Amino acid sequence: MSTLEIRDLHVSVETKEGAKPILRGVDLTVNSGETHAIMGPNGSGKSTLAYSLAGHPKYQITSGTVLLDGADVLAMSVDERARAGMFLAMQYPVEVPGVSVSNFLRTAKTAIDGTAPPLRTWVKDVRGAMDALRMDPTFAERSVNEGFSGGEKKRHEILQMELLQPRIAILDETDSGLDVDALRVVSEGVNRVREKTDVGVLLITHYTRILRYITPDFVHVFVDGRIAEEGGPELANRLENEGYDRFLTSATA
Ligand code: ADP
Ligand code: MG
Ligand code: MG
């Protein structure tokens, strides 16, 4: 059982004109086994939240706390966060030329577990997970994300999640740019990990579409760098019908 506790988080981003405040007091608690959807319009700060939790150096925490089972996440390096069980699937996964998917996954798994996984079970696990995500086996020998299609990048992110088995997974717009078939495959992957493990999921999305496949326990509406409204899955249905207009008007009023 793990708990991620975000308290009054304020974050600024480095720009040429200086530090620009983006997150303006985020409060959120994610427990093992829970799925929290973070929904909100473009530019509301969803990716900023994801990057801040992952430890991206461009994002400055100006105040607030983030605790994972009481440990100060903000004091941890990026590697320490991963070893503590935090995982980020990025909205725009980066290319790693010259590093094969297979080596990348094994290196990450070894770093997180502290020991290399036994080769025989590992190869079987990787094959099984790739198969389930309908990834061609030749993928394992390609450079990470180099020349991958949008859908292939997102499958690769979920492949990592399946193999690394994080305690808290932050999925930033894993649904964006996917056709319906890919969306289903990717969602099934997330659901498999939810069933097999006790992962807590922060599912960041602009659209309600993925929530038809992955049912959230809680929905948080993110507007202008903070949570504007919270509810259960029914809130997603409401957003599907009404969009974000009502929040945008109140935010600028
Ligand atoms: P979302 O993921 O909800 O679309 P982001 O977190 O990407 O929102 O962005 C929130 C705001 O912060 C936007 O106004 C965006 O332009 C700004 N922002 C984010 N990252 C940077 C950056 N590296 N440089 C300048 N502005 C940024
Ligand atoms: Mg984003
Ligand atoms: Mg579960």
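In this predicted model, leucine 202 makes a handy way into the interior: leaving aside residues up to four places away in sequence, Leu202 touches Val30, His36, Ile38, Ile170 and Leu171. Leu202 also belongs to the largest nonpolar core, a set of 62 residues, and is listed with Met39, Ala169, Ile170, Leu171 and Leu203 as the members that touch the most others. Strand β2, spanning residues 18-31, supplies the largest share of this core, with five residues. As a rule, nonpolar side chains in soluble globular proteins tend to be buried together.

Next come two paired strands. Strand β6 covers residues 86-89 and runs parallel to strand β9, residues 168-172, with four bridges joining the two. At the level of single residues, methionine 86 has isoleucine 168 of β9 as its bridge partner. Side chains in a regular strand alternate between the two faces of the sheet. In β6, Met86 and Leu88 point one way while Phe87 and Ala89 point the other, and all of them are buried.

That leaves the ligand. Ligand 1 is surrounded by 13 residues, and the closest are Gly43, Ser44, Lys46, Ser47 and Thr48. Three elements give two or more residues each to this shell, namely β1 (3-15), β2 and α1 (46-54). Helix α1 provides the largest share, three residues. Strand β2 thus turns up twice, in the shell around ligand 1 and as the source of the largest share of the nonpolar core. As for chemical character, the shell splits into eight polar, three charged and two nonpolar residues.

Key: Residues numbered from 1 in each chain as written. Chains lettered and ligands numbered in written order. Predicted model: local features only at pLDDT ≥ 70, side-chain atom pairs only at ≥ 80, totals over all residues. Core = buried A, V, L, I, M, F, W, Y, C linked by C-beta atoms within 7 Å. Buried ≥ 20, exposed ≤ 12 C-beta atoms within 10 Å, placed from the backbone. Contact = placed C-beta atoms within 7 Å. Near = placed C-beta within 6 Å. Nonpolar A, V, L, I, M, F, W, Y, C, P; charged D, E, K, R; others polar. Pairing = 2+ DSSP bridges.
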